[in-house]
Amino acid sequence: MLKNSEIAILKLRSLYESRGYTHFKMSKFEEYDIYAANKDFLGGESIVTFTDANGRLMALKPDVTMSIIKNTKDGDGLTEKLYYNENVYRVSKGYLGLREIMQSGLECIGDIDLYNTCEVISLAAKSLCIFERECILDISHMGIVSYLIDELSVPDDIKKQLIKCIAEKNVHGIRSILSENGSKDETLVELVSLEGNAEESFEELKKICGARPLHQALSELESVIKILTAGESLAKIRLDFSVVQDMSYYNGIVFQGFINGIPEKVLSGGRYDLLMKRIGKSKSAIGFGVNVDLLEDIFECSSEFDADIALMYSDSDDTAKVFKLADELSNGEKSVRVTKKLPQRAKYKQVIKFCEHNQ
Amino acid sequence: MNSQIINIALPKGRLGEKVLKMFEDSGFSCEEIHEPNTRKLIFKNPEAGVCYFWVKPSDVAIYVERGAADIGVAGKDILLEYSPDVYELLDLNIGKCRMCVAAKKDFRDSHDKTLKVATKFPAIAGEYYQSKSRNIDIIKLNGSIELAPILGLSDVIVDIVETGTTLKENNLEVYETIVPISARLIANKASTKFKQEKIAVLVSEIQKRI
């Protein structure tokens, strides 16, 4: 029997394959250099390292995106569409231990036009819907956020603090940082406070952006919202500018997905041309990852019974007969645990003693 | 939508009592919580749509980050120290104090040696001195921080200072202020989306009383 989480992974696979994405399989171990140079991409999470037999510093793969980028060819004008289903490894926050995380996701690398952008975001929305619970996809645009921050012409460390406040929806924080720097600008506050359905908040957003040269980003967002909300309403799509990703890697639309019942974001992704550039590739790229491990909480309602039937036998019983009875009882449908002694705390729907049954 | 209950983690202690009053004044009262000598851990008021529980102040952020509480009130010190992935929706402007570097009155900081810093807040202390490119040795303590410089365990301490009386009585003084601290209303990111309307009402009611 497949577990619910395994079924979920299969469903995700077939969803991605339905749009022609091909499976990408990779090694668990990689040279550390590529991660060291782009550490912030992992949101400051620590990487598990070790040395191989040749003394090279290696990493247990902390992320899939960078491995995929490394393996893409440049300059062939093609758009690659790949999906993955891999375990990644991180050092856990708080206490010193290692974590293994199951990640599913996809990357679209090459000529990222409006079609490809919409395809990836709609696949993200559909990924959330697979779990048949209320779900929300929050969309933001790093182009707009970084323009509005750059416009304030404050030093880089202040910019970082502002981004942190934006991610926390920390309006009082934004105001106090700005007033310390002699500004009373309310644009960022308005941006963070946008709420409600995507179409309505887009109208608000247009007012906030006003005459600034952000037409391209705005029209991209507008088209994406239009196309995504036109079909059968899948996940609830909302504009939320507290979704921010590192500005040195992400440049366009970014998004995060939530499923009711799971306390943190389940899906996260966006347009990461800048990361491509840093790794020396000229193509554009957009993609997302789903943290499959988090879904366990809503799925694995562990069964009340350890097995349907416990069949108890003793050394004096005829093994061949016990074997036969177990087969008969199970009949391909029921689970039968054959045992001499019942484990403590185990629960079975029915307990059969071989000696009594055989009389 | 009205059937939704908001789970609220309150910090045990004086600050928590003040916060509870703020919530109750805002229309989210709970009679159960005032029953004398109660052994209950969770206090519900389904009519107001709230459920309160008391937790250790430093644990509030964990309850909220992991979704056991939808919202909670935590000091900025805890948020800076543990950087939980939560929304910080309001500055409640109560429980005000400062995160400070303090030292013995006759302390002279010489930059030619590693500075020994005793603190309950290693992350805040570490980041502060890193921003000044200062080489330090952090000594993590869990209480009676003021004792450390007196016994020569550390050169300075990084700790919360409210009035400064404890420092004064021990012949210590504030050397530098790192950051002002006050109580913040924090919210779980997913809850804020799925219980959006209720949380928005609660936040705006509380905001009126700051």
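How many nonpolar, polar and charged residues are in the lining of the largest cavity? By class, that lining has 4 nonpolar, 1 polar and 3 charged residues. Keep in mind that this is a predicted model. Below is a quick tour of its cavities, a pocket, its nonpolar cores and one helix of chain B.

**Cavities**
- The structure has 2 cavities of 30 Å³ or more.
- The largest cavity holds about 40 Å³ of space.
- Both chains help to line the largest cavity: Lys164(A) and Glu168(A) come from one, while Leu79(B), Ser83(B), Pro84(B), Val86(B), Tyr87(B) and Glu88(B) come from the other.
- The second largest cavity comes in at about 30 Å³.
- Around the second largest cavity you'll find Phe107(B), Arg108(B), Asp109(B), Ser110(B), Lys113(B), Thr114(B), Leu115(B), Arg134(B) and Asp155(B).
- Sorted by class, the lining of the second largest cavity has 2 nonpolar, 2 polar and 5 charged residues.

**The second largest pocket**
- There's about 1,000 Å³ of space in the second largest pocket.
- Its lining takes in 42 residues, and the closest to the pocket's centre are Pro57(B), Asp77(B), Lys120(B), Phe121(B) and Ile160(B).
- Several elements of chain B give two or more residues each to this lining, including helix H1 (14-25), helix H3 (76-82) and helix H6 (165-169).
- Strands E4 (71-75), E6 (97-104) and E9 (156-161) of chain B do so too.
- By class, the lining of this pocket has 19 nonpolar, 10 polar and 13 charged residues.

**Nonpolar cores**
- The largest nonpolar core has 102 residues.
- Inside that core, the residues with the most contacts are Ile139(A), Ile144(A), Leu205(A), Phe255(A) and Phe288(A).
- Helix H4 (residues 114-129) of chain A gives this core its largest share, 7 residues.
- Another core, of 28 residues, lies apart from it, and Tyr52(B), Ala183(B), Ile199(B) and Leu202(B) are among its members.

**Helix H8 of chain B**
- Helix H8 (residues 196-208) of chain B has 13 residues, which at 1.5 Å a residue should span 18 Å; its end C-alpha atoms are 19 Å apart, so the two agree.
- The buried residues of H8(B) are Gln196(B), Lys198(B), Ile199(B), Leu202(B), Val203(B) and Ile206(B).
- Looking down the axis of H8(B), these buried residues fall within an arc of 165 degrees, so they line one face of the helix.
- An α-helix has 3.6 residues a turn, so residues three or four places apart point the same way.
- Over on the other side of H8(B), Glu197(B) and Lys208(B) are exposed.
- Two buried residues of H8(B), Ile199(B) and Leu202(B), also turn up in the core of 28 residues.

Terms used:
Residues numbered from 1 in each chain as written. Chains lettered and ligands numbered in written order. Predicted model: local features only at pLDDT ≥ 70, side-chain atom pairs only at ≥ 80, totals over all residues. Heavy atoms only, no water. 1 Å grid on protein atoms, 1.4 Å probe; cavity = no way out; pocket = protein on both sides within 12 Å on 5 of 7 lines; lining within 4 Å. Points joined across faces, edges and corners; volume = space filled by probe spheres on them. Helix = DSSP H or I, 4+ residues; strand = E, 2+ residues; numbered from the N terminus. Nonpolar A, V, L, I, M, F, W, Y, C, P; charged D, E, K, R; others polar. Expected span 1.5 Å × (residues − 1). Buried < 20%, exposed > 50% of the residue type's maximum accessible area, 1.4 Å probe, protein only. Arc of directions from axis to C-beta. Core = buried A, V, L, I, M, F, W, Y, C linked by side-chain atoms within 4.5 Å.
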